[in-house]
Amino acid sequence: MADLRFNNFSFFLVSFASLLVATSCRGHSRNALFIFGGSWNDVGNNNYMETAIKANFLPYGETFFKNATGRASNGRLVPDFIAGFAKLPLIPPYLSPDNNEFTNGLNYASAGAGALTETNVGKTIGLKTQLSFFKYTKKHLDVKLGEAKTKTLLSRALYMFSIGSSDYITFATHKTTEHPSYTREEYVKAVIGNLTDAIQEIHNMGGRKFGFSNIGDVGCSPFLRALNNAKNNGSGCMDEVTILAELHNKALTKALRKLQTKLEGFKYSSFDLYAASKERIDNPSKYGFKEGKVACCGTGPYKGNLTGCCPKTVCDHANDYLFFDGVHPTEKANYQYAKLMWSGRADIVKPYNLKTLFKKI
């Protein structure tokens with residue numbers, strides 16, 4: 001698979017290196033949070049890229065931050081809440097030139113990113129490149145803290161992953177032109193394979209604690225409902241994406257169990273986002289939402305047009321909605337998902353929730 005490339009890559013590396021050199025290594029927190037994935041985890045990395053996949057304009061961010069930060073929501077994302085629960089500050093995007101503290105962790109996630117290099121190539125930071133950024137971070141932690149302290153920090157840190165939705169949306173909507181030879185099972189195997197490769201590389205560098213979200217009920221998001229309506233004259237979910245999500249989630253469960261027996265000290269938390277999101281789509285009022293199928297911000301059927309989210313199309317009360325735009329949750333939904341990940345019961349997050357996992361040595 002070809003490596004992802006984008007403009008000004010060297011500038012980012014040089015700028016980040018200079019910031020690391022300037023960073024004080026005086027006392028770091030016991031825990032750190034390193035975040036990988038796509039738009040559900042991206043807190044602003046795409047702001048520093050030449051790409052159309054951005055959320056750097058209002059009404060994104062207006063509920064909490066009062067301005068657009070690059071987060072694809074009206075406010076905070078799941079990693080923001082997890083950081084708060086863990087008594088950490090907001091974890092900054094890796095590409096931000098304002099980074100001056102990195103022992104609390106970094107966020108490498110990029111909107112549109114997939115586990116496969118081909119997914120939105122040239123428009124986002126794929127998982128392989130996110131991993132290379134983490135390797136670069138480790139090298140500079142070794143320099144600033146020393147190898148022994150870095151080893152301790154990385155072994156106690158949590159590595160959060162939420163990735164795969166963009167891979168499956170791309171496969172389902174462009175299968176005949178971009179992926180004609182893949183079966184569903186082969187494609188899922190490739191996605192899981194790249195994810196497990198990344199996990200093993202982080203483990204080799206000292207990572208021991210990992211948090212995962214499986215693929216949510218993205219086939220029933222406003223964006224894919226609208227797309228299904230336009231392409232197939234349908235009025236419901238895009239079944240192809242739902243099938244792929246279910247295949248992925250089963251394969252992920254098996255892969256994590258296998259890694260647990262294979263990798264020394266490997267501990268993980270796996271959140272059933274599919275069940276949590278489907279429950280809220282089907283029964284929004286049970287969770288304090290007035291609308292579970294139509295987005296707060298957008299145009300067209302279900303307000304699912306992702307390019308239509310602007311101040312003129314935004315709803316009056318975003319947190320009455322499960323979805324802020326055609327794919328991404330509102331801050332209220334993100335909080336609920338984060339709370340389940342942090343302290344949920346074993347029927348929704350297992351074998352550990354994140355609160356328990358953070359305490360593991």
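## Salt bridges

R71 and D80 pair up through their side chains in a salt bridge, with N and O 2.7 Å apart. Keep in mind that this is a predicted model. How buried or exposed are the two partners? R71 counts as buried because its relative accessibility, 7%, is under the 20% cut-off. D80 is buried too, with a relative accessible area of 5%.

That pair is one of nine salt bridges in the structure. As a general point, side chains of opposite charge can pair when their charged atoms come close.

## Bridges between separate stretches

Another pair to look at is E331 with R76, where the closest N and O atoms sit 2.8 Å apart. This salt bridge links distant parts of the chain: E331 belongs to helix α10 (residues 331–343), while R76 is in the loop between β1 (33–37) and α2, and 255 residues separate them. On the E331 side, the residue is buried, with a relative accessible area of 9%. R76 counts as partly exposed, at 23% relative accessibility, because that value falls between the 20% and 50% cut-offs.

Then there's D320 and K290, a salt bridge whose closest N and O atoms are 3.8 Å apart. D320 and K290 each lie in the loop between α9 (273–282) and α10, so their pairing ties together parts that are 30 residues apart in sequence. K290 itself is exposed, with 68% relative accessible area.

## A serine in a loop

Moving on to S96, you'll find this residue in the loop between α2 (78–85) and α3 (127–145). S96 has a relative accessible area of 9%, so it counts as buried. What does its side chain reach? The side chain of S96 gets to the backbone nitrogen of D98, at 3.2 Å.

## The second largest pocket

If you're hunting for pockets, the second largest one has a volume of about 250 Å³. It is lined by 15 residues, and those closest to its centre are T253, R257, S270, D272 and K350.

Which elements supply at least two residues each to this lining? They are α8 (239–262), β4 (267–271) and β5 (349–351). Of the contributors, α8 gives the most, with five residues. As for chemistry, the lining of this pocket splits into seven nonpolar, four polar and four charged residues.

Terms used. Residues numbered from 1 in each chain as written. Predicted model: local features only at pLDDT ≥ 70, side-chain atom pairs only at ≥ 80, totals over all residues. Heavy atoms only, no water. 1 Å grid on protein atoms, 1.4 Å probe; cavity = no way out; pocket = protein on both sides within 12 Å on 5 of 7 lines; lining within 4 Å. Points joined across faces, edges and corners; volume = space filled by probe spheres on them. Helix = DSSP H or I, 4+ residues; strand = E, 2+ residues; numbered from the N terminus. Nonpolar A, V, L, I, M, F, W, Y, C, P; charged D, E, K, R; others polar. Buried < 20%, exposed > 50% of the residue type's maximum accessible area, 1.4 Å probe, protein only. Polar contact = N/O pair within 3.5 Å; in protein donor to acceptor, adjacent residues only side chain to side chain. Salt bridge = Lys/Arg side-chain N within 4 Å of Asp/Glu carboxyl O.
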